[in-house]
Amino acid sequence: MRFNLLGRVHVITDAGCVIPLKSSKATQLLVLLLLRRHEVVGSGVLIEELWADDPPRSAMTTLQTYVYHTRRLLGEHRVTSDDRELVLTQPPGYFALIDEDELDVAVAERLIRTGGRLLEENRLEEALASLDAGLDLWRGPALSTVPCGRVLESNIAHLEELRLFGMQLRIDANWRLGRIGPMIPELRSLVISHPLNETLHAKLMGALCQMGRRAEALESYRNLRRILSDELGVDPTPEIQRMHMEILNGEKVLV
């Protein structure tokens, strides 16, 4: 069994059947319990996620109804059985009893963490394999088919940070392996999606310079300076300004 949250939310049963989970408050509840696996999530937190500051008077009863429907759905599709319950009641709320390998988020976290450790040990090819495997689990934006309240929004932010961290580690591994050119398209995409991340801009500038594309590296710096000025009213860091001068002077650039 596998619960996939990194993209469209669905379950893959032991028999290999794919069960899409409907965009509903019951799915919203289940996803929050899965992300906080092995932790009792209080009813108050669940009510906050489902209704924010405007819960109905019947919030507790309705919450219990959603739990019932979730359990029934999992049972109907044989995701759970009499021998194995997934959503358990434990005051002051509920928790999900799930193995780490049954949740793509947990697997991705483990693979990226392992990739980082292998990178520190200079086992570059192994690190790259682990990072690729972890990042490949994203099939789109996390929880893309689930309504999200403010509690889940914080989880989404964490997952996007995890993904970015993994991508930066992968860039470092490729850089140290001398595979600089193939990284440039990914770096361009990353600076577009994270325009205020100066580290990514610096990596792009360095990669372009290493590949002999000096004019593009200088243009990348101008783009960064404009974005920072327009958005924050600040200049690039002194380190990036030094890199800019090194590129202008035709010196070897280190990132």
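This briefing describes how two helices pack in the structure above and then turns to some backbone features in its loops. The model is a predicted one. Helix H1, which spans residues 25-35, packs against helix H2, which spans residues 43-51, and H2 turns one face, lined by its buried residues, toward its surroundings within an arc of 165°. Elsewhere, a cis peptide bond joins Pro91 and Pro92, and positive phi values occur at residues including His38 and Asn122.

**Packing of H1 and H2**

- Two packed helices are described by the angle between their axes together with the distance between those axes.
- For H1 and H2 the angle is about 135°, and the axes lie 10 Å apart.
- Because angles over 145 degrees count as roughly antiparallel and 65 to 115 as roughly perpendicular, the two helices H1 and H2 are classed as oblique to each other.
- The crossing that H1 and H2 make is right-handed.
- On the H1 side the contact is made by Lys25, Gln28, Leu29, Leu32 and Leu33, which meet Val45, Leu46, Glu49, Leu50 and Trp51 on the H2 side.
- Sorted by character, the residues of this contact between H1 and H2 comprise 7 nonpolar, 1 polar and 2 charged.

**The buried face of H2**

- The buried residues of H2 are Ser43, Leu46, Ile47, Glu49, Leu50 and Trp51.
- Viewed down the axis of H2, these buried residues fall within an arc of 165°, and they therefore line one face of the helix.
- The elements that cover the buried residues of H2 include H1, strand E4 (41-42), helix H3 (59-76), strand E6 (93-96) and helix H6 (150-176).
- Just after H2, the backbone at Ala52 adopts a positive phi of about 55°.

**Loop residues with positive phi**

- His38, which lies in the loop between H1 and E4, has a positive phi of about 65° although it is not a glycine.
- The relative accessible area of His38 is 47%, so this residue counts as partly exposed.
- Asn122 is found in the loop between helix H4 (104-120) and helix H5 (124-135), and its phi, near 65°, is likewise a positive value in a residue other than glycine.
- With a relative accessible area of 51%, Asn122 is exposed, since the cut-off for that class is over 50%.

**A cis peptide bond**

- The peptide bond that joins Pro91 and Pro92 is cis, with an omega of about 10°.
- Pro92 is located in the loop between strand E5 (87-90) and E6, and strand E6 is among the elements that cover the buried residues of H2.

Terms used. Residues are numbered from 1 along each chain as its sequence is written. This is a predicted model: local features need pLDDT of at least 70, side-chain atom pairs count only at pLDDT 80 or more; totals for chains, interfaces and linings use all residues. Side-chain values use heavy atoms; hydrogens and water are left out. Axes are lines fitted to C-alpha atoms, for helices over the stretch in contact, and angles run from 0 to 180 degrees between N-to-C directions. Helices (H or I, at least four residues) and strands (E, at least two) are DSSP runs, numbered from the N terminus. Angles under 35 degrees count as roughly parallel, over 145 as roughly antiparallel, 65 to 115 as roughly perpendicular and the rest as oblique. A crossing is left-handed if the near helix is turned anticlockwise from the far one by less than a right angle, and right-handed if clockwise. Contact means heavy atoms within 4.5 Å. Ala, Val, Leu, Ile, Met, Phe, Trp, Tyr, Cys and Pro count as nonpolar, Asp, Glu, Lys and Arg as charged, and the others, Gly among them, as polar. Buried means under 20% relative accessible area, exposed over 50%, partly exposed in between (1.4 Å probe, protein chains only). The arc is that of the directions from the helix axis to the C-beta atoms.
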